[in-house]
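I opened the model today to look up its overall build and then a few single residues. My entries follow in the order I made them.

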Amino acid sequence: MHNNVLDQEWNAASLLRFAFPTIVMMLFMGLYTIVDTIFTARLVNTDALSAINIVCPVLNVTVGLGTMLATGGNAVISRKMGAGQDREAKEDFTLLTLAAAAVGLLIALAGTIWLEELTAVLGAGGRLAPYCHAYLGTLLFFLPANVIQTVFANLFVTAGRPGLGLFLSVAAGLSNIVLDYVFMAVCGLGIRGAALGTGVGYLIPALAGIVFFRRTGGTLSFVRPKWRRDVLRESCLNGSSEMAGQLAAAVTTFLFNRTMMELAGEDGVAAVTIMIYAQFLLNTLYIGFSMGVAPVIGFQHGNQNSRRQKRVIRICICFILAASVLICTASRLGGSYMVSLFASGTSEVYRLAAAGFPVFSCSFLFCGLNIFTSAMYTALSNGKRSAALSFLRTFVLLAGAILLLPRLFGIVGVWMAVPAAEGIMFLVSGVCLFRSRERECVDAAAIDSEGNVCHACSRQDKESGN
């Protein structure tokens, strides 16, 4: 316990230092994803860019399953580490890694068998269909590595080695950028080259993580696993909000594509693709910070240290609110420049995206708190609360806004959908956090999944005078 980096008094500086590698890792992942799509738009064409967005729901589901196992399992593992059950934590980690590999293999196999049917359901037709088949058909071979590296990206932090996760992310990103150029510009492989570069980017952290976690002396390492159905069930339940978020991203991406195809054709799909990737890049700060602090929150929950836990959460909320103002301001000032990276300033794609960016960018003022609140409840093993918030934010509010607002306002309604949904959810997240504060103990820590009050938490508050 005393050698565990998670077992310490946290202040704003130490917490940000701990989360910083994960923040940078996620930002870099966002950057190399953006570079990947820029190369596709510039070295192939904007139809290829649209095709990537058409098949993006498959990747959303894959990442969602990996993130579900990673974040939900992280809550279980960090709680057991906090309770001193180190051997069980390692067994559970090994079991979750094997489950992630199995999930990736099943998706790759099913996708390969039903490739044409799958892309047709997603809306690939006309001039976009060949690009969709080429990109997804190539990337499917690398999906098992994608699921595994998603799990490792979260659990490097829990193992006390966030810097290693950052290094591997940078290495994967740089290789992706270099290989994209080699495969597309030099070898002339077109959109298949983009898929190959991305696939190699998945392999690097996956293989390096397997080597790292084979060490037997680390905080987390591979050991002989024990079959614990309850661990898999709890991990899936705890991480269900993250899975719901990715499923919702798949659904809303499909709705965005269908709506813009109806309103503006293939150019409209390319414009909304630019928006979605810009959103992904700018949201990585919130996601990385939430991932970085989740093991700290989960450890204090397992250690039943309510005083530390509440202090950490207060620091997190202050950071998120300040970052939201900065990101929203930066996106409004630099939106047209970001759009110009993807499309020529004289193109219809540029005109559509540049006109919508000032409206779309308002969402960055609200989404940070929404992302953190859901991640916080996951870290506290309150998967039901986290899943409910995620479901409301994405499936109900965002999908509803996409279906309703374009009917009222046309293309402007498409750009209004995300800010409207995030703004309403911001109010809901604020109410949840305020009510938790009123009860003097975060709801997920004070009440277990059966609704029983955690008396150890209450006693600790009284003893500390809080």
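I settled the term first: I call two residues in contact when they have heavy atoms within 4.5 Å. The model is predicted, and I read every entry below with that in mind.

**Entry 1: Val269**

I used the contact rule on Val269 to begin with. Leaving out neighbours within four places in sequence, I found Val269 in contact with Ser50, Asn257, Met260 and Met261. I placed Val269 in helix α10, which covers residues 240-302. Is Val269 buried or exposed? I noted it as buried, because its relative accessibility is 0% and the cut-off for buried is under 20%.

**Entry 2: the whole chain**

I then stepped back to the chain. I counted 17 helices and zero strands in its secondary structure. I looked up the box filled by the C-alpha atoms, and along the principal axes it is roughly 65 × 45 × 35 Å. For 466 residues, a compact globule would have a radius of gyration near 23 Å; I noted 22 Å for the chain, so the two agree.

I checked burial next, and 59% of the 466 residues count as buried. The accessible surface comes to about 18600 Å², and carbon and sulfur atoms make up 65% of that surface. Taking contacts with a separation of 6 or more, I found that 83% of them join residues 24 or more positions apart.

I also looked at charge. The chain carries 33 positive and 26 negative side chains, with the centres of the two sets 6 Å apart.

**Entry 3: confidence**

I noted an average pLDDT of 83 for the chain, with 91% of the residues scoring at least 70. Over residues 440-466 the pLDDT is below 50, although this stretch has 41 contacts in the model beyond near neighbours in sequence. Where pLDDT is low, the predicted coordinates should not be read in detail. I therefore leave the contacts of residues 440-466 without further comment.

**Entry 4: Pro225**

I found Pro225 in the loop between α8 (191-213) and α9 (229-238). Pro225 counts as partly exposed, because its relative accessibility is 33%. Which residues does Pro225 touch, not counting those up to four places away in sequence? I listed Glu91, Thr94, Leu95 and Leu98.

I took two C-alpha distances from Pro225. Asn45 is 180 residues away along the chain, and the separation in space is 48 Å. Val269 is 44 residues from Pro225 in sequence and 46 Å from it in space.

**Entry 5: Ser344 and Arg332**

I went on to Ser344, which lies in the loop between α11 (306-342) and α12 (348-360). With a relative accessible area of 34%, Ser344 is partly exposed. Its contacts, leaving aside neighbours within four places in sequence, are Arg42 and Tyr350. I also looked up Ser344 against Cys236, which is 108 residues away along the chain; their C-alpha atoms are 44 Å apart.

I finished with Arg332, which I placed in helix α11. Arg332 has a relative accessibility of 46%, so I entered it as partly exposed. Setting aside neighbours within four places in sequence, I recorded Pro358, Ser361 and Cys362 as the contacts of Arg332. How many residues along the chain lie between the positions of Arg332 and Glu266, and what separates their C-alpha atoms? I noted that they are 66 residues apart along the chain, with a C-alpha separation of 25 Å.

Conventions
Residues numbered from 1 in each chain as written. Predicted model: local features only at pLDDT ≥ 70, side-chain atom pairs only at ≥ 80, totals over all residues. Heavy atoms only, no water. Helix = DSSP H or I, 4+ residues; strand = E, 2+ residues; numbered from the N terminus. Rg over C-alpha atoms; globule rule 2.2 N^0.38 Å. Buried < 20%, exposed > 50% of the residue type's maximum accessible area, 1.4 Å probe, protein only. Areas by Shrake-Rupley, 256 points an atom, 1.4 Å probe, with all protein chains shown as cover. Lys, Arg positive; Asp, Glu negative; His and termini not counted. Charge placed at Lys NZ, Arg CZ, Asp CG, Glu CD. pLDDT = per-residue confidence, 0-100.
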